[in-house]
Amino acid sequence: MCLRSTDSITDTSEVAKAYVGGGSPSSNSFIIRMDEYNQWVSMNKS
């Protein structure tokens, strides 16, 4: 999974750290199982 923020306020590295990933505050990545991803997506739908 790759995360990028489009502003200077959002720090996506906290999410990556929770999944033992890393990068910079505005661009990072981590590995996630597909079942975890599907659960994460369903919990974060607006």
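**Entry 1: Ser29**

Is Ser29 buried, partly exposed or exposed? I began my notebook with this residue, keeping in mind that the model is predicted. I found Ser29 in strand 3, and its relative accessible area of 34% makes it partly exposed. The cut-offs I needed here are under 20% for buried and over 50% for exposed, so a value of 34% falls in between.

Next I looked up what surrounds Ser29. Leaving out neighbours within four places in sequence, I noted contacts with Met1, Cys2, Ala16, Gly21 and Gly22. I also took two C-alpha distances from this serine. Lys17 sits 12 residues away along the chain, with 9.1 Å between the two C-alpha atoms. Arg4 is 25 residues away in sequence, and the C-alpha separation there is 8.8 Å.

**Entry 2: the sheet**

With strand 3 already on the page, I turned to its partners. How many strands form the open sheet, and in what order? I counted 3 strands in the order 1-3-2, with antiparallel pairing. At the edges I found strand 1 (2–4) and strand 2 (22–24), each of which pairs on one side only. From one strand to the next, the twist averages 10 degrees.

I then checked how strand 1 is joined to strand 3. Strand 3 covers residues 27–29, and 3 bridges link it to strand 1, the two running antiparallel. One bridge pair I wrote down by name is Leu3 with Asn28, the latter in strand 3.

**Entry 3: Arg4**

Arg4 came up in my first entry, and I wanted its details. Arg4 belongs to strand 1, one of the edge strands. I have Arg4 down as exposed, because its relative accessible area is 69% and the exposed class begins over 50%. Which residues does Arg4 touch, not counting those up to four places away in sequence? My list reads Thr12, Ser26 and Ser27. I also looked from Arg4 to Met34, which is 30 residues away in sequence, and noted 20 Å from C-alpha to C-alpha.

**Entry 4: helix 1 and the loop after it**

I moved on to helix 1, residues 13–18, where I located Lys17. With a relative accessible area of 53%, Lys17 is exposed.

Where is Val20 placed? I found Val20 in the loop between helix 1 and strand 2. Its backbone made me stop: Val20 is not a glycine, yet it has a positive phi of about 55 degrees. I flagged this because most residues other than glycine have a negative phi. Val20 is also exposed, at a relative accessible area of 77%.

**Entry 5: helix 2**

Helix 2 spans residues 34–43, and I picked out Asn38 in it. Asn38 is partly exposed, with a relative accessible area of 42%. I tried a long reach along the chain here: Asn38 and Cys2 are 36 residues apart, and their C-alpha atoms are separated by 15 Å.

**Entry 6: the chain as a whole**

Last, I stepped back to the protein chain. I count 2 helices and 3 strands, and from the N terminus on they run β-α-β-β-α. Taken along the principal axes, the box filled by the C-alpha atoms is roughly 30 × 25 × 15 Å.

What percentage of the 46 residues is buried? I noted 17%. For the accessible surface of the chain I have about 3,700 Å², and carbon and sulfur atoms account for 54% of that. I looked up contacts as well: among those between residues at least 6 apart in sequence, 28% join residues at least 24 apart. My final note concerns charge, with 4 positive and 5 negative charges in the chain and 5 Å between their mean positions.

Terms used
Residues are numbered from 1 along each chain as its sequence is written. This is a predicted model: local features need pLDDT of at least 70, side-chain atom pairs count only at pLDDT 80 or more; totals for chains, interfaces and linings use all residues. Side-chain values use heavy atoms; hydrogens and water are left out. Two strands pair if DSSP finds at least two bridges between them. Helices (H or I, at least four residues) and strands (E, at least two) are DSSP runs, numbered from the N terminus. Axes are lines fitted to C-alpha atoms, for helices over the stretch in contact, and angles run from 0 to 180 degrees between N-to-C directions. Buried means under 20% relative accessible area, exposed over 50%, partly exposed in between (1.4 Å probe, protein chains only). Contact means heavy atoms within 4.5 Å. Accessible areas come from the Shrake-Rupley method with a 1.4 Å probe; for residues, only the protein chains shown count as cover. Lys and Arg count as positive and Asp and Glu as negative; His and the chain ends are not counted. The place of a charge is taken as NZ of Lys, CZ of Arg, CG of Asp or CD of Glu.
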